[in-house]
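Dear colleague,

I am handing over a structure that you have not worked with before, and the notes below it set out what was found there. Could you read them with the view open beside you?

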Amino acid sequence: MATIPADLDGATTASRPKVDVGFLLYFYLHMAGFLATTLLITWGLFVLFFLAIGGLSVDGMMHQLNNMASRYVAADAARIASFKHVLIVAHLALSAAVIFFRRHSILPSRDPKRSKANG
């Protein structure tokens, strides 16, 4: 049977590094905020697109959305699937562009004065 060798004071030779749970939770909260704002920016770009093709007026935008919605309801299953694929690809492309331009804020900043374990 194998045993773990111990030092003279009884501690094991391989000690595990301590995980900074507070910073890990802060990182996940920051990443959730980054993804949520990226999603909202992407939806805002879709609204801006429909506003632009509507002549930069709310009435024109609603007219364009009504036109698209009536064509969507009247379409067959293959055309609806094609529309969904176009929408997914456009959303992914816009999200990738937004993430590229916001890449400096992906990782949260860590204050070097507060990065010590003692506070």
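In this predicted model, Phe101 is exposed because its relative accessible area is 62%, where exposed means over 50%, buried means under 20% and partly exposed lies in between, all with a 1.4 Å probe and protein chains only. Phe100 has a relative accessible area of 47% and is therefore partly exposed. The charged end of Arg103 sits over the ring of Phe100, 4.3 Å from the ring centre; for a charge to sit over a ring, NZ of Lys or CZ of Arg must be within 6 Å of the ring centre and within 35 degrees of the ring normal.

Before going further, a word on how to read the values. Residues are numbered from 1 along each chain as its sequence is written, and side-chain values use heavy atoms, with hydrogens and water left out. Local features need a pLDDT of at least 70 and side-chain atom pairs count only at pLDDT 80 or more, whereas totals for chains, interfaces and linings use all residues. The mean pLDDT of the chain (the predictor's confidence in each residue, from 0 to 100) is 85, and 80% of the residues reach 70 or more. Where pLDDT is low, the predicted coordinates should not be read in detail.

As for the overall layout, the chain holds three helices and zero strands, and its elements run α-α-α from the N terminus on; helices (H or I, at least four residues) and strands (E, at least two) are DSSP runs, numbered from the N terminus. Among these elements, H3 has the highest mean pLDDT, at 95, and H1 the lowest, at 92. Buried residues make up 10% of the 119 residues in the chain. Of the contacts with a separation of 6 or more, 64% come from residues 24 or more positions apart, a contact being heavy atoms within 4.5 Å.

Helix H1 covers residues 21-53, which is 33 residues, and spans 48 Å from its first C-alpha to its last, close to the 48 Å expected at 1.5 Å a residue; the expected span is 1.5 Å times one less than the number of residues. Its buried residues are Met31, Phe34, Thr38, Thr42, Phe46 and Phe50, and what covers them includes helix H2 (58-74) and helix H3 (77-101). An α-helix has 3.6 residues a turn, so residues three or four places apart point the same way.

Two of these residues can be followed in more detail. Thr42 counts as buried because its relative accessibility is 0%, and, leaving out residues up to four places away in sequence, Thr42 touches His91, Leu94, Ser95 and Val98. Phe46, at 18% relative accessibility, therefore also counts as buried, and, with the same kind of sequence neighbours set aside, Phe46 touches Leu87, Ala90, His91 and Leu94. The C-alpha atoms of Phe46 and Leu94 are 9.1 Å apart, although 48 residues separate them along the chain.

Ser95 lies in helix H3 and, at 13% relative accessibility, counts as buried. Beyond its neighbours within four places in sequence, Ser95 is in contact with Thr38 and Thr42. The side chain of Ser95 also reaches the backbone oxygen of His91 at 2.8 Å, which is a polar contact, meaning a pair of N or O atoms within 3.5 Å; within protein, one must be able to donate a hydrogen and the other to accept it, and residues adjacent in sequence count only if both atoms are side-chain atoms.

After H1, the backbone has two points to check. Gly55, just after H1, takes a positive phi of about 80°. Leu56 has a positive phi of about 55° although it is not a glycine; Leu56 is in the loop between H1 and H2 and is exposed, with a relative accessible area of 64%.

Finally, the aromatic rings. A search of the whole structure finds five aromatic pairs, where rings of Phe, Tyr and Trp (its six-membered ring) pair if their centres lie within 6.5 Å, with planes under 30 degrees apart counted as stacked, over 60 as edge-to-face and the rest as tilted. One of them joins Tyr72 and Phe83, whose ring centres are 5.4 Å apart and whose planes meet at 65°, so the pair is edge-to-face. This pair links distant parts of the chain, since Tyr72 is in helix H2 and Phe83 in helix H3, eleven residues apart. Tyr72 is partly exposed at 31% relative accessibility, and Phe83 is partly exposed at 30%. The rings of Phe100 and Phe101 have their centres 5.2 Å apart and their planes at 75°, so that pair is edge-to-face.

With best wishes
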